[in-house]
Every structure is written in C-alpha cells, then in structure tokens.
Amino acid sequence: QVQLVQSGGGLVQAGGSLSLSCAASGRTFRTFAMGWFRQAPGKEREFVARITSSGGTTYYSDSVKGRFTISRDNVKNTVYLQMDSLKPEDTAVYYCAADRVDFGTRYRVHEYDYWGQGTQVIVSS
C-alpha cells in the first residue's frame, strides 16, 4: 500500500513564497504520475499541477501557471510544489496525489489512486 506524507504549508503574506513536499513509501513511486490538488472551504477539490513519472512533462491549471512549479526527485521518492507570487485566493488545503496511469491529461480527483493527508496554506492580504 502506498503512503503519501506531506510537509510544508503555513501562513504567508500575499506576494510571498512557500514550498510543499510529499514523500511516498515504496519503490513504485517512480511509476506514478503525481499531482497536486487544493480545496477551499465550501468548494470542490480542484486540480493544481501534474507531473509524469519521469518528470519530463508537467501540467498546470490556468490559475497557477507561471507562479507554481511542480517537480520530483525519484531517488528521494518525493514530489514538490514551489509556490511563488502567492495570492489570497490560493488559500486552501493542498493535497498531493498519485496516479498509477502515467499517460493522458488526467485532472479529475477520482482518477487518482492515493492521497496525502493535506496541508493548510493561508495567504494573507
């Protein structure tokens, strides 16, 4: 069974930066595409970013494109989300997720198989 453990998050001012990490158990991490999602109170969980198993291709939602960067280290079994130029509307609980399917533009919550516990990101005005 794959376990995803997140770290990072916290409170930052608008315009600031924050980094999130997600460490996966097992050697199957290298075969998974990985994604980041976020969920604000009263809203559905939404796609943020995706990276293929090799790290060769990334995908971003329009709302974060140019500000967020997803990356991975397959030696450390870790995926990262670097968030720059943060806005108050970025405030949400952020989740990392693993997808056993490593092809296609898969942005739906139910397409992912394993989830981290979530970490709070608050961006103040």
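A strand is a DSSP run of E with at least two residues, and strands are numbered from the N terminus. With that in mind, you can place Asn77 in the loop between β7 and β8. Please remember as you explore that this is a predicted model. The briefing starts with a sheet and its hairpin, then turns to the nonpolar core and the aromatic rings.

**The sheet**

- Let's begin with an open sheet of 4 strands, which follow the order β1-β3-β8-β7 with antiparallel pairing.
- The edges of this sheet are β1 (4-8) and β7, each of which pairs on one side only.
- From one strand to the next, the twist averages 15 degrees.
- How many bridges join β3 to β8? There are 6, and the two strands run antiparallel.
- One residue pair to look up here is Leu20 with its bridge partner Leu81 in β8.
- On the other side of the pairing list, β7 is also joined to β8 by 6 bridges, again antiparallel.
- Between these two strands, Phe68 stands opposite Met83 in β8, and Asp73 has Thr78 in β8 as its bridge partner.
- A handy general idea for reading any sheet is that side chains in a regular strand alternate between its two faces.

**Hairpin and unusual backbone angles**

- β7 and β8 make a hairpin, with 4 residues between the two strands.
- Which residue in the turn has a positive phi? That residue is Asn77, with a phi of about 55 degrees.
- A positive phi catches the eye because most residues other than glycine have a negative one.
- Is Asn77 buried or exposed? Its relative accessibility is 13%, so Asn77 counts as buried, the cut-off being under 20%.
- Ser85 also has a positive phi without being glycine, with a value near 50 degrees.
- You will find Ser85 in the loop between β8 and β9, where its relative accessibility of 42% makes Ser85 partly exposed.

**The nonpolar core**

- The largest nonpolar core holds 28 residues.
- Which residues have the most contacts inside this core? They are Met34, Trp36, Leu81, Met83 and Tyr94.
- Several strands feed the core: β3 (18-24), β4 (33-39), β5 (46-51), β7 (68-73), β8 (78-83), β9 and β11 (119-124) each give at least two residues.
- Met34 sits in strand β4 and is buried, with 0% relative accessibility.
- Beyond residues up to four places away in sequence, Met34 touches a long list of partners, including Leu4, Cys22, Phe29, Ile51, Ile70, Val79, Ala97 and Tyr112.
- To get a feel for distance, note that Met34 and Asp62 are 28 residues apart along the chain, with their C-alpha atoms 18 Å apart.
- Met83 has its own circle of contacts outside its neighbours within four places in sequence, among them Leu18, Leu20, Phe68, Tyr94 and Val121.

**Aromatic rings and their neighbours**

- A search of the whole structure turns up 8 aromatic pairs.
- One of them is Tyr59 with Tyr107: the ring centres are 6.1 Å apart and the planes meet at 65 degrees, so this pair is edge-to-face. The cut-off behind that label is an angle over 60 degrees.
- Tyr59 belongs to strand β6 (residues 58-60), while Tyr107 is in the loop between β9 (92-99) and β10 (114-115), so the pair ties together parts that are 48 residues apart in sequence.
- Both rings belong to partly exposed residues, with relative accessibility of 22% for Tyr59 and 34% for Tyr107.
- Ring pairs also link a cluster made of Phe37, Phe47, Tyr59, Tyr95, Tyr107, Tyr112 and Trp115.
- Two arginines lie over ring faces: Arg45 is over Tyr95, at 3.7 Å from the ring centre, and Arg72 is over Phe29, at 4.4 Å from the ring centre.

**A buried arginine in a loop**

- Where is Arg106? Look in the loop between β9 and β10.
- Arg106 is buried, with a relative accessible area of 18%.
- Apart from neighbours within four places in sequence, Arg106 is in contact with Phe47, Arg50, Asp99, Val101, Glu111 and Tyr112.
- Arg106 and Ser21 are 85 residues apart along the chain, and 21 Å separates their C-alpha atoms.

Notes. Residues numbered from 1 in each chain as written. Predicted model: local features only at pLDDT ≥ 70, side-chain atom pairs only at ≥ 80, totals over all residues. Heavy atoms only, no water. Phe/Tyr/Trp six-rings, centres within 6.5 Å; stacked < 30°, edge-to-face > 60°. Buried < 20%, exposed > 50% of the residue type's maximum accessible area, 1.4 Å probe, protein only. Lys NZ or Arg CZ within 6 Å of the ring centre and 35° of its normal. Core = buried A, V, L, I, M, F, W, Y, C linked by side-chain atoms within 4.5 Å. Contact = heavy atoms within 4.5 Å. Pairing = 2+ DSSP bridges. Axes fitted to C-alpha atoms, helices over the stretch in contact; angles between N-to-C directions.
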